[in-house]
Amino acid sequence: MADFPSSSDSRTGARVAVVAAGIVSPLGFGLDETLRSLRDGKDCVTPVTAFPVDRCRCKTAGQVANGPLAEANRFNAHPERLHRVARMMILAMKQALDQAGDFQPELTVVGTTSGGMTFGEQYYRGLTANGGSNGHAPTLIANYTPQKPVMDAQEAFGIGAPCQIIANACASGTNAIGHALNCVRSGRYQRVLTGGYDAISELVFVGFDSLQAATPERCRPFDRERTGLVLGEGAAIIALENFESAQKRGATILAEIIGYGISTDNFHLTQPNPSGIGPRQAMEGALKSAGIQASEIDYINAHGTATQFNDASEGKAIAELFNGVPVSSTKGMMGHSLGAAGAIEAVISLLALQHQLLPPNINFREGDAGLPLNIVANESRSGAVRTVLSNSFGFGGTNASVILRSAAA
Amino acid sequence: MSLRIAGMGWVTPLGSGVEEVWQRLLNGETAVAESLSSPLGRDYPVFRVPASALAKAPAHPRLRRSSAISRFAAIAGVEALANANLKLDADTAKRTALIFAISNGGVIYTKRFYHDIVESGAQAASPLLFPETVFNAPASHLAAMLGITGASYTLVGDGAVGTLALKMAEDLMADDAFDYCLVVGAEEADWLLCDAYRKWRLLRAAPPIEPFQEPPRGTILSEGAGAVLISREGPIRIEKISGGTNFQKQREASNAVEKVFAELCAAPPNLVAASANGTFIDGAEQKAIQKHSPNGRVYTVKAALGESVGASSLWQTIAAVQALLAQQLPRAAGIPVLESAVISTCGLNQQVAGLRLSVASK
């Protein structure tokens, strides 16, 4: 086996280019629609209709429009079997592959928390309602598993790369991108597809509601009177390539990913350590991996779920590490899409770099006392954005941060 | 960079502890099926971990409310570290990554949580159960028990996911920030899974599992955990890990398996640790074995321990390591010298991967 350079150090590893990105989220389908929504600070949270929420505190979520998802059906011989989130994956992957040119990945690394959960729900409801005979059971079972939407998307475009499906709760998408970065940086891979996906499901929606982590009001990240998160859904795919290889073949380089940090906070299964040590270690790890100082970060796309615990812990860590860097959580606009969040927010960070845009943190009124954060409040702003840090933290104490840098920097 | 297997832990329906389970396999023992009753009136045979094995679970607050899957993982993970004489302190824990392989995850609590919603409405959903339904809950518990504060990943997939986790470990260990990677695969059994696999036409009504029979007659689900500690020193060398490929239809599995064998069998191995389990997998593997290792020994640990899905690749790996170290195979006498083994892992839902091991030179 050949020796490879350290994959966690930008000084010894290969440079890693982002050569394409695809996104399906409540903000829109594709980079252009997403950019417009970000510029407008569009509130895409709507009442949930997919399942009954009358007995939940929270009744809203960021939801992907079903109509345009039908476009994915033409990429599968049996579209009736596709899970809704597989359609999101297919369309996000198509967008990315259309941009990427001659791009055959050697590996696909994707994050999710709940795979095709609604098929599992249908299966169980069928069992209990029909005394054990649920007619479409094999289809539901085969398409329920977390790897399946990724397989469906790969099959649609003739990709046979092995799939690593990371389920690190709400950090999954960022963990997937970070691991993919290290795979290319180490020289072991030239091209890797990465990203994340998740769809709204009753089980997960009720779960967050039962924890009283979901809000019956508006989602207000970092607001002093925040009352919790709203859920979201979507899929995002990013194509990573060895920088030199991408240059050599004339690929358009949208940005570089230059740093990744991961930490595990063993404080509690669902709550972060209030000291902020988990997020802090992840962000410090990403800075070290990128070989840059905190002062070089121009914008932070925060995890910012609007729960009391997350925003206090993350806000503390950001305030300690960074001096007045513009911060926003985009979850107020689109909800928290769990395993997709890190991937979607990496694409949002990419758009921030490309368009010199600071995406807004909507529904913000006043921050926590004693927490000096420079929140991009309510309206998008333009600014000089060369380097962006994006955070994702999850149940189980997983914390992950990635750093993207402008291709022109 | 040369990676080695430095320690292992095993929790199975034949008990827990690598030496104990291996000895029972050498003695020709096979797990005894228990009957799991579903509330829908059907019984399913399952190979379950005996209560005596669970008694070995470490006392830790994180395990108080956890499901069986977390306990299996804890026992196996702790054994793998002890097996390698590795005690994690704050420094070594930072340089140790944890990768968890899982397929169905915490199905018992997930089913209970959703059952309450279906039966009584959303207001009845338990906030105590929900966190345990998350795929990475067992990994979180194990990381907390071991004090791992750096990299922790949970990978989800089918029966090949354990090998994909080993591949991920190899990728992580390319980074000199890590000295060790603990790879743990775990699964817990429940009637709901049995019902699903039966409807998927993969389950057999009663034991035994009969690998490589034509036509395939189905498998029996089991539960437990396997743990493998990857290091740069140790008695078993990881020669190559194939991240594998995917197949769309069951009839295409043989091409995918063949591709993995071609990658791993530049020279024929002495032993193939197969994933054959009484399903379509068997035929796919048989073709590849005939082509790439026609004279090698073939061992299928699932015949004795059942199909543990997320844990199964690691069980196969542990069995192959034991065979290489002990130069013995269950139910086999007069075997040739075993210098190398290929572990073939074909899952039931589209994923295929494999790895090749050899005895490390002293």
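A residue is buried here if 20 or more other C-beta atoms lie within 10 Å of its own. The exercises below concern a predicted model.

**Exercise 1.** State what share of the residues of chain A and of chain B count as buried, and explain why each chain can be called as compact as a globular protein of its length.

*Solution.* Begin with the burial count: of the 409 residues of chain A, 67% count as buried, while in chain B buried residues make up 64% of 362. Next, take the elements, which number 12 helices and 16 strands in chain A. The radius of gyration of chain A is 20 Å, close to the 22 Å that the globule rule gives for 409 residues, and chain A is therefore as compact as a globular protein of that length. Chain B, for its part, has 13 helices and 13 strands. Its radius of gyration of 19 Å is close to the 21 Å given by the globule rule for 362 residues, so chain B too is as compact as a globular protein of that length. Finally, the extents along the principal axes can be set down: the C-alpha atoms of chain A fill a box of roughly 60 × 50 × 40 Å, and the C-alpha trace of chain B spans about 60 × 55 × 40 Å.

**Exercise 2.** Determine how many residues of helix H7 of chain A are buried, and identify the elements against which they pack.

*Solution.* Helix H7 of chain A covers residues 202-210, and because nine of its nine residues are buried, the helix is largely enclosed by the rest of the structure. The buried residues include A:Glu202 and A:Asp209 as well as A:Leu203, A:Phe205 and A:Phe208. Their packing partners come from both chains: strand E4 (60-62) and helix H3 (117-129) belong to chain A, whereas helix H5 (107-120) and helix H6 (130-133) belong to chain B. Beyond the helix, H7(A) is followed by A:Gln212, whose phi is positive, near 55°.

**Exercise 3.** Describe how the two domains of chain B meet, and say which element gives the largest share of the domain 1 side.

*Solution.* Chain B is divided into domain 1, residues 3-231, and domain 2, residues 236-359. The centres of these domains of chain B, taken over C-alpha atoms, are separated by 20 Å. The contact takes 56 residues from domain 1 of chain B and 47 residues from domain 2 of chain B. On the domain 1 side, the elements that each supply at least two residues include strand E1 (3-12), helix H1 (18-26), strand E5 (96-102) and helix H8 (161-173) of chain B. The largest share of that side, seven residues, comes from H8(B). By residue class, the side of domain 1 of chain B that touches domain 2 of chain B divides into 31 nonpolar, 15 polar and 10 charged residues.

**Exercise 4.** Name the residues that touch the most other members of the largest nonpolar core, and list contacts of B:Val183.

*Solution.* The largest nonpolar core has 283 residues, of which A:Ile238, B:Ile99, B:Leu155 and B:Val183 touch the most other members. Helix H2 (residues 84-100) of chain A gives the most to this core, with 11 residues. The core also draws at least three residues from each of domain 1 and domain 2 of chain B. Leaving aside neighbours within four places in sequence, B:Val183 is in contact with, among them, B:Ile99, B:Ala165, B:Ala169, B:Val228 and B:Leu314.

Conventions
Residues numbered from 1 in each chain as written. Chains lettered and ligands numbered in written order. Predicted model: local features only at pLDDT ≥ 70, side-chain atom pairs only at ≥ 80, totals over all residues. Helix = DSSP H or I, 4+ residues; strand = E, 2+ residues; numbered from the N terminus. Rg over C-alpha atoms; globule rule 2.2 N^0.38 Å. Buried ≥ 20, exposed ≤ 12 C-beta atoms within 10 Å, placed from the backbone. Contact = placed C-beta atoms within 7 Å. Domains from an automatic or database assignment. Nonpolar A, V, L, I, M, F, W, Y, C, P; charged D, E, K, R; others polar. Core = buried A, V, L, I, M, F, W, Y, C linked by C-beta atoms within 7 Å.
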